[in-house]
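The report below is meant for someone meeting this structure for the first time, and it treats one strand with its partners before turning to two single residues.

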Amino acid sequence: MSNRFRTAALATAALAALVAAVPAQAQFEARSLRVSSGVAKGHPISFGITKMTQCAAEKSGGKLKLVTYYDGALGNDTTASQQVRTGSLDMVLTSTAPLVGAIPQLAVFDLPFLFSNEKEADQVLDGAVGQSFAPRYAAAGLVNLAYWENGFRNVSNSKRPIAKWEDLQGVKMRVMQNKVFLDTFSALGSNPTPLAFSEVYSALETRTVDGQENPLALIENMKFYEVQKYLSLTRHAYSPLAVLISKKKYDTLTPQEQAVMQECAVAGQEESRRVGRAADAEVIAKLKKGGMQVNEVSAAELQRMRDKVKDVYAAQAKVVGDDTMNAVNAELQRIRTAK
Ligand code: TK8
């Protein structure tokens, strides 16, 4: 072997040894990411972000910090999501419904009675269908690290129990700011008003609206039982919760930092789903204790509600797009016929 070649080989070996010796933590810069959440501490989502925060700190030698601001302190879902898109805010934990203006195809997840249970929701969201949204998030300046759970939505109001769709006639319902919810609650005969989440409690308290619809955990977490008499277990839609980071920020992370953020977002997903799903009976008991009258809705009446809102699917077909609708339906068919 010539001297020149031997020298080059030795230099390469020395460099490789040096890189290997670089402590793992050196692949992490000291960073503090601000996270916006519309819920209050104590909600299953807060368990998820707490788990994600601990995980990121552990795996980065304390360098990758997440700092969460609850109760919409940094803005409601829509404004916070916009700030994440522009890069002025690092992360937001939001239902997908307010994102439909930027990513219309997300409306598919708001379609009434789309999912029958959490298993279907998990498999669609965590599988190929959920992953197919990645380029759409990217085009909106976002990276969705995982889907956590807001949950199955139920109707609460201050006028009467809702045991059949006719009971919603004349009820002024606050809905999330997207057309699927407006169409759904119009089709059910109520008077829907879109409002940001941060305005819901005061709108209910002042009777600006009679009712709203949200998962049990959120009704309890936001103390809606203080201003709502009736809770009807409709489970009329399932809301995913997106864990969004600004793509501008994400692209500055090292590959190791990106891997930790993804891995820890999944740890947070498991935690938020575990906590949220373990608590339904307990939450209903708390809501009753808080003064709410809770009623189930019979299978026959739920079917009548489904029949009443089926035209929403046709009305949203263009927004959602055939590709997305067909992919969701095919996955649901697979799940429902799997042995
Ligand atoms: C909380 C909201 C809430 C949503 C709504 O940030 O607006 O009713 O269900 O969960 O995303």
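In this predicted model, strand β1, which spans residues 31–37, is mostly covered, since five of its seven residues are buried. The chain passes from β1 through helix α2, made up of residues 44–59, to β2, and this β-α-β crossover is right-handed. Strand β1 is joined to two other strands, and the table lists these pairings.

| Strand joined to β1 | Residues | Bridges | Direction |
|---|---|---|---|
| β2 | residues 64–69 | six bridges | parallel |
| β3 | residues 91–95 | three bridges | parallel |

Single residues show how these pairings are made: Arg-34 has Val-67 in β2 as its bridge partner, while Ser-37 stands opposite Leu-93 in β3.

Is Arg-153, a residue of strand β4, buried or exposed? Arg-153 lies within strand β4, which covers residues 142–157, and this arginine counts as buried because its relative accessible area is 0%, where buried means under 20%. Leaving aside residues up to four places away in sequence, Arg-153 touches a set of residues that includes Arg-174, Met-176, Phe-181, Glu-213 and Asn-214, and also among them are Pro-215, Thr-234, Arg-235, His-236, Ala-237 and Ser-239.

Lys-310, by contrast, is found in the loop between α13 (299–309) and α14 (311–320), and this lysine counts as exposed because its relative accessibility is 51%, the cut-off for exposed being over 50%. Although Lys-310 and Trp-165 are 145 residues apart along the chain, their C-alpha atoms are separated by 13 Å.

Terms used:
Residues are numbered from 1 along each chain as its sequence is written. This is a predicted model: local features need pLDDT of at least 70, side-chain atom pairs count only at pLDDT 80 or more; totals for chains, interfaces and linings use all residues. Side-chain values use heavy atoms; hydrogens and water are left out. Buried means under 20% relative accessible area, exposed over 50%, partly exposed in between (1.4 Å probe, protein chains only). Helices (H or I, at least four residues) and strands (E, at least two) are DSSP runs, numbered from the N terminus. Two strands pair if DSSP finds at least two bridges between them. A crossover is right-handed if, with the strands pointing away from the viewer, the path from the first strand over the helix to the second runs clockwise. Contact means heavy atoms within 4.5 Å.
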